[in-house]
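Dear colleague,

I am passing on the structure below, together with some notes on what came out of going through it. Please read the notes with the coordinates open beside them.

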Amino acid sequence: MKKSLAVSLISAAALATGLAMLASADGPYKVLKTAKVGGDGGFDYVYADEAGRRLYIPRTGPTPRIAVYNLDTLASVGEIPKASAHGAAVDPKSHHGFGSSKPVVMWDTKTLATIKTIDVQGGPDGILFDPFNERVWVFSHGQPNATVIDTKDGSIVTTLDLGGAPEQAVTDGKGHMYVDLEDKDQIAAVDTKAMKVTAHWDLGGKGGGPGGLAFDVKNHVLFASCHNPATFVILSSEDGKILDALPIGTGTDGATFNPKTMEAFSSNGDGTLSIIKENSPTSFVVEQNLTTMPRAKTLTLDGKTGHILLIAAQYGPPPAPPADAPKDAPKKGGRGGRAPMLPDSFTILEVGK
């Protein structure tokens, strides 16, 4: 291909891509509220307790805790101290909350008082409450991949090898759970009554490194948000058949589905929220790519309002390598450290129509 022709085609493609992204930025969703709540420490997952109207945000670092906010106003209502967790989950029936820390912390959701800590193996990361039998699942990239806890008394029911490193899980509340395995490019189907993995479904090269998973329970449709390529791989929860694959932003680390609006959401580290509209169980379209904040890569749905809550912070430039660092320092891991979080910049974003 001649250079001039190649350049023209590349320019045309870039223009088309830019126009497509601009068009997708227009849509029904917008950032309704930005609450700069501050506080030190890292963060991972965010969790909305729809029934209790509270928002749980685990914070790691020198003063580990789970910060708790009013879900309607985003005002602080307290914290669960000394809990170095990555995620949180609540059983609305027993009014018990759990953090994916080591040991797992269990608290009273009415008083926020710690009830007990539960020794577990592995490295707790993701977490999910399953109303089918009132159990909370704590996930770990290392074995055992899942520790199952009875939410009524905090006793360990069992542990389970999922066959890979889990990221996010979803349940139909009727004995079926699905977990994305980031290192295997697969979805694991789990029978939560028999406590066993019943299937592993490959993503068929449509997406790799799934970081989030959303679920249309009624129509048996799973949405796996992937890193490489950055796509929502859409598949049947009945047999794993791939239905579609649509582009999303980069750096996904969470997904959710709103059954009232028939929309799937992927929160992305590049500062976008990708929204997929399910027109029918076999027809899907990219509805919008909303600008949020860089690194706002996890999310939660408030089912009552239909709003999406995301968390992020602002960062300064990464520190430079030491002056005496060798020239090939980047190859040897001698680069400067991570970009520091700017003081009191931690932010909750509320997105809605």
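Among the contacts in the protein with a separation of 6 or more, 46% are accounted for by residues 24 or more positions apart. Please keep in mind throughout that this is a predicted model.

As to the overall make-up, the protein has one helix and 29 strands, and 51% of its 353 residues count as buried. Its accessible surface comes to about 15900 Å², with 55% of that belonging to carbon and sulfur atoms.

The part I looked at in detail is strand S17, which covers residues 186-191 and is largely enclosed by the rest of the structure, because five of its six residues are buried. The cut-off behind that statement is a relative accessible area under 20%.

On one side of the sequence, S17 is joined by six bridges to strand S16 (residues 176-181), and the two run antiparallel; within this pairing, Asp180 stands opposite Ile187 of S17. S16 and S17 form a hairpin with four residues between them, and in the turn Asp185 has a positive phi of about 55 degrees.

Going on along the chain, S17 also pairs with strand S18 (residues 196-202), again in the antiparallel sense and over six bridges, with Val190 standing opposite Val197 of S18. The hairpin of S17 and S18 has four residues between the strands, and there Met195 takes a positive phi near 60 degrees.

When you look at the side chains here, it may help to recall that in a regular strand they alternate between the two faces of the sheet.

With best regards

Technical notes:
Residues are numbered from 1 along each chain as its sequence is written. This is a predicted model: local features need pLDDT of at least 70, side-chain atom pairs count only at pLDDT 80 or more; totals for chains, interfaces and linings use all residues. Side-chain values use heavy atoms; hydrogens and water are left out. Buried means under 20% relative accessible area, exposed over 50%, partly exposed in between (1.4 Å probe, protein chains only). Two strands pair if DSSP finds at least two bridges between them. Contact means heavy atoms within 4.5 Å. Accessible areas come from the Shrake-Rupley method with a 1.4 Å probe; for residues, only the protein chains shown count as cover.
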